[in-house]
Amino acid sequence: MQRANSVNRLETSYNSSVRIVILLTEAAHPIFRKKTPVMTQPVDLPAWQALKQHFDSTHTTSLREHFAADSARFDQFQLNAAGLFLDYSKNHVTRQTMDLLVQLAGEAGVEKKIAAMFAGDQVNPTEGRPALHTALRNRSNTPVLVDGHDVMPDVNKVLERLGAFSDRVRDGDWRGFTGEPITDVVNIGIGGSDLGPVMASEALAAFAHDRLKLHFVSNVDGSHLASTVKRLNPQTTLFVIASKTFTTQETLTNANSAKQWFLESDATQSDVAKHFVALSTNAERVTAFGIDQNNMFEFWDWVGGRYSLWSAIGLPLILSIGMPRFTQFLEGAHAMDEHFRRAPLSENMPVILALLTVWYNNFHQAHSHLIAPYDQYLHRFPAYLQQLTMESNGKSVHVDGSAVSCDTGPIVWGEPGTNGQHAYFQLVHQGTHIIPTDFILPMESLHPIGQHHELLMANCFAQSEALMMGKNSEELTLEMNKAGASADEIDRLTGHRSFAGNRPSNTIMTQRIDAKALGALIATYEHKVYVEAAIWDINPFDQWGVELGKQLASKIQSELAGGKTITAHDSSTNGLINRALKMRNLQA
């Protein structure tokens, strides 16, 4: 027994020695080296480390001090591209900061990743797809290859069909089952199939068709559909069902209920084809629903939902503003695409905006970003950017699946600025959080009434100045002395009425919010999100986090329908389901 143990120890020692020799050989000889290099974490890049040191030595310098030290600061930190003007001088940056941030973009391979996206490479590796929303607005019509196939003829063919169909509806030639022209269009979709079209149609409502009224239904809550259709006439209503696979549960639930509402009028099943069209790729399911295949407008799996407004998903917008203006919309985005792919990193508007987000999110620990449009037509733009940013960059693993070592996507939110001044701006000015803000402002009003637009502009500029400058106790004391306040009152109110200031912001200006400007603006933020993802080394084109809730909801739905006491979940979920069944008197 003792001899056997000795032999085992010798064998173990021998095997360990052999493994050590092999490992040493692999390390020494290129033939044995692994082909796949170990990924460098973003936080380990030299520029990231340099930015940490730079932050430590500069973050106590105020924006007031930056402006006092450099009278040409506004001229130094501004950009023009695709009809948009960006002032980013009210940020906690110096020339050295921007140089280091651009260096970070270079070390993260941003230029190569930009080229890869436009080339049709698989920049969405978890789903094995390219992300070619830029091809949908490629007005140069240069070939764009996917697996060796030029997709531009397919894109142009669908655009032609969309234009022909929209012309018929807009001109009154497309008629319902009683021979009446269409007066109302109801888009049924969710996520990117809803937020994009509703945002853009609201943004360009000044250019809407006189007769056609657009409505959008997304929430599976029956109240959304019911409150929409109760105002409509089935004889003059057209439904646009937007679902790539035609299997999206919320969309199909709403679509089937809409069809039932339609059929409860004098319509028959054969009349469905005159009142329902599909934005999808699933011809079999579309046909089974009752929609004529000729009225199915396709798009492709290389178009992500939140990037799909430029595709057939944009049909409601086309019906509203017409194909010529939709073409201008594509042209505005294409102009920004060309700037993005060709401008140097240091002069590239989406890149600069992305780098500023990284600077605040990862170094200043400012994890919230405010979008404040000073234009009522853009009132849905913050919600659109919320999905674009948070669904894209709300990730916690790198492209290779390893855990991230830095914070990724910030929280994006907002409402029109003038309304916000009487609501959430209180927190932005005097709260404990630093919230970088994007102000968006057109120079011309589409409805010039009296002094309205001058007041709007004045408020926008004043807010960015107030956030940056603040009001210190000395300034407040002088102001209150002038107003005749007593020393006791000044002492009592100083803490309440002082503003720290030093809050960063960007201001984006355009001549007016028309189709071309809106296209450029959306494309700017799309590319900004992509650059952020490139630096954090995450995939901005998948959204696996959306799926788990869907899977569980499907299971729970069947349990709710069954009416039996549920024990299959955690105690809280079991309790909630069982309480709901009792409250609805469904539990056996």
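The following paragraphs go through a sheet, its aromatic pairs and one buried tyrosine in a predicted model.

The sheet is open and has five strands in the order β6-β5-β7-β8-β9, paired in parallel. Strands β6 (213-217) and β9 (296-297) are at the edges; each has a single partner strand, so one side of each has no neighbour in the sheet. Helix α9 (residues 222-229) packs on this sheet and touches β5 (184-188), β6 and β7. The direction of α9 makes about 165° with that of β6. Within the sheet, β7 (residues 237-242) and β8 (residues 276-279) run parallel and are joined by four bridges. V240 stands opposite V277 in β8.

The structure holds 25 aromatic pairs. One of them is formed by F165 and F297, which are tilted at 55° between the planes, with 5.4 Å centre to centre. This pair links helix α7 (residues 152-171), which holds F165, to strand β9, which holds F297, across 132 residues. F165 and F297 are buried. For F239 and F276, the ring centres are 4.7 Å apart and the planes are at 15°, so this pair is stacked. F239 belongs to strand β7 and F276 to strand β8, 37 residues apart, and both are buried. F239 and F276 are also members of one aromatic cluster, together with F177, F246, W261, F262 and F289. K259 lies over the face of F289, at 4.3 Å from the ring centre.

Y307 lies in the loop between β9 and α13 (315-321). Its relative accessibility is 2%, so Y307 counts as buried. Among the residues Y307 touches are H133, L388, E526 and F541. Y307 and T134 are 173 residues apart in sequence, yet their C-alpha atoms are 9.1 Å apart in space.

Notes. Residues numbered from 1 in each chain as written. Predicted model: local features only at pLDDT ≥ 70, side-chain atom pairs only at ≥ 80, totals over all residues. Heavy atoms only, no water. Pairing = 2+ DSSP bridges. Helix = DSSP H or I, 4+ residues; strand = E, 2+ residues; numbered from the N terminus. Contact = heavy atoms within 4.5 Å. Axes fitted to C-alpha atoms, helices over the stretch in contact; angles between N-to-C directions. Buried < 20%, exposed > 50% of the residue type's maximum accessible area, 1.4 Å probe, protein only. Phe/Tyr/Trp six-rings, centres within 6.5 Å; stacked < 30°, edge-to-face > 60°. Lys NZ or Arg CZ within 6 Å of the ring centre and 35° of its normal. Lists of a residue's contacts leave out its neighbours within four places in sequence.
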